[in-house]
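Let's take a walk through the interior of a protein model together. Have your viewer open, and be ready to switch between helices, cysteines and internal voids.

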Amino acid sequence: MNKIKIKYYENSCIYGEILHKHDWFVFLDSCYDVSGFGEHDIISCNPYMTLISYGNKITVNNGSTTSSFYDDPIDVIKNMYNFSDFSSEIPFDYGLIGYFGYEAFNSNEYLLEGEFPDIAVGFYNWAIVVNHKSKETYLSYKFMNDFVEYILKTFNICNLMIHNIKNCSYKNFKQLTKKIDYINDVNKIKQYISNGDCYQVNYSQEFKLEFSGNPWDIYKKIRDINPAPYSSFYKINNKYIISSSPERFISVKNNIVETKPIKGTIKRKSDPNLDAKQINILKNDEKNISENLMIVDLLRNDISKCCKLNSVKVDKLFNIESYASVHHMVSTISAILKDNITSLDLLKSCFPGGSITGAPKKRSMEIIRELEKRKRGIYCGSIGYFNGNNNMDTNISIRTLTLTNGKISFSAGGGIVCDSDAIQEYYESMQKVAIFINYFSNGNFKW
């Protein structure tokens, strides 16, 4: 691989200003300039090959030909792309960037509906990688060509600026699950738990609205009002994904695996003293502690299938992380990847993330399907990169919007356990996306 240093900008949206109209533009964004989160941002577009799948129906485009067939998507991706053993100072040199929807590895017929593919990945042989700690930006590329030369020329110009956000309009904001239905479904889940079916179920609801304007401008606004360390903007033809996720799913760096489940949420207060009390309440809440512990145990088991014996450990338990509108309880689990296991194998083995299913996973997912009566799609799936050296990083796609054909959709939910209060669970789910609700409803939606 080749790496050339280009001009560093603290706000990585500057690179997106130039590139966001290109095919399959992707921006993996730590929101460093507005939040101090993270360290790296990754930007690319114009992949040399793309793959989308609806269930096991796969379509591959290599720029000159398009082919469609039925197969296991992960097997196809692995066959098309071979990882190599090399070290790198940057997180992404070349490889895969894309998303895996919640239903990505389930080929049942009812899952084949939906505007967005279950899987969409691009094969990228160049990327802009920003390191905010060292204040350096590199262009990594496999081959010099006209487009790489264009990137080098464009981003070494001094004082490129962020364009002003143009007006976007929103209307017909709708909550698709009535409050009483949400509460009734939570009580049904509690009955399932009482009957011994499961210990926890992550139940969610969906919101929809209509919009006019540029999705890139919407993304810039969202990252200002709700910055998060695993944010992203992804364009797939005329479909767009805006993620403002605070949660890492799985990362692999030099064969060290890490996952950071979020379980436990409380509203932030504007008064610093009251806000500190909120943190203390969350730290000592027995329900949230038990909820978090159940998912830690589930994920320890999930990653152990692909990791070396006795290498799984809990690095942080019940840690509190603070975001724009809420505090979260976050635990960190790490392990060592087995030899000859790829990051894609690990992703499939653990998918979808336990923090957004419940425990045990299989039965919780059956209950989710029964009660939600919809396809989750990108919500609760994962967005991220897979580097050519088997390193990867992926989020849990919560606080995530899909935009297409003038419509926006997003969802929110929470983990239900035996001592959950149905009304409190309803309000917690609303609070998680309160910033979205207030912004997209122009402050008119009350709950």
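What follows starts at one helix, moves on to the cysteines, and ends with the cavities. Please keep in mind along the way that this is a predicted model.

A good place to begin is helix H11, which spans residues 422-432. Is this helix mostly covered or mostly uncovered? It is mostly covered, with 8 of its 11 residues buried. Those buried residues begin with Ala422, followed by Glu425 and Tyr426, and then comes the run of Glu428, Ser429, Met430, Gln431 and Lys432. At the N-terminal end of H11, Asp421 acts as the cap. One of its side-chain oxygens sits 3.1 Å from the backbone nitrogen of Ile423. Keep Lys432 in mind, since this buried residue of H11 will come back when we reach the cavities.

Now for the cysteines. How many disulfides does the model have? The count is 0. Cys198, for instance, takes part in no disulfide, and its nearest cysteine sulfur, in Cys418, is 10 Å away. Cys198 is nonetheless buried, at a relative accessible area of 3%. For Cys350, the closest cysteine sulfur belongs to Cys306 at 6.0 Å, and because a disulfide needs its two sulfurs within 2.5 Å, that separation is too far for a bond. Cys350 is also buried, with a relative accessibility of 0%.

Finally, let's look at the enclosed spaces. Searching the whole structure turns up 3 cavities of 30 Å³ or more. The largest has a volume of about 170 Å³, and 20 residues line it. Nearest its centre are Asn202, Ile398, Arg399, Gly413 and Lys432. Which elements each supply at least two residues of this lining? They are strand E17 (262-267), strand E24 (407-416) and our starting helix, H11. In character, the lining of the largest cavity is made up of 6 nonpolar, 8 polar and 6 charged residues.

The second largest cavity has a volume of about 100 Å³. Its lining comprises 15 residues, and those closest to its centre are Asn226, Tyr323, Ser325, Arg399 and Lys432. Two or more lining residues come from strand E19 (326-336), and likewise from helix H12 (434-440). Here the lining divides into 9 nonpolar, 4 polar and 2 charged residues. Notice that Arg399 and Lys432 are listed close to the centre of the largest cavity and of the second largest cavity as well.

Methods
Residues are numbered from 1 along each chain as its sequence is written. This is a predicted model: local features need pLDDT of at least 70, side-chain atom pairs count only at pLDDT 80 or more; totals for chains, interfaces and linings use all residues. Side-chain values use heavy atoms; hydrogens and water are left out. Buried means under 20% relative accessible area, exposed over 50%, partly exposed in between (1.4 Å probe, protein chains only). Helices (H or I, at least four residues) and strands (E, at least two) are DSSP runs, numbered from the N terminus. A polar contact is a pair of N or O atoms within 3.5 Å; within protein, one must be able to donate a hydrogen and the other to accept it, and residues adjacent in sequence count only if both atoms are side-chain atoms. On a 1 Å grid over the protein atoms alone, a cavity is a set of points where a 1.4 Å probe fits but cannot get out, and a pocket is an open set with protein on both sides within 12 Å along at least five of seven lines; lining residues have an atom within 4 Å of a point. Grid points are joined across faces, edges and corners, and a volume is the space filled by probe spheres set on the points. Ala, Val, Leu, Ile, Met, Phe, Trp, Tyr, Cys and Pro count as nonpolar, Asp, Glu, Lys and Arg as charged, and the others, Gly among them, as polar.
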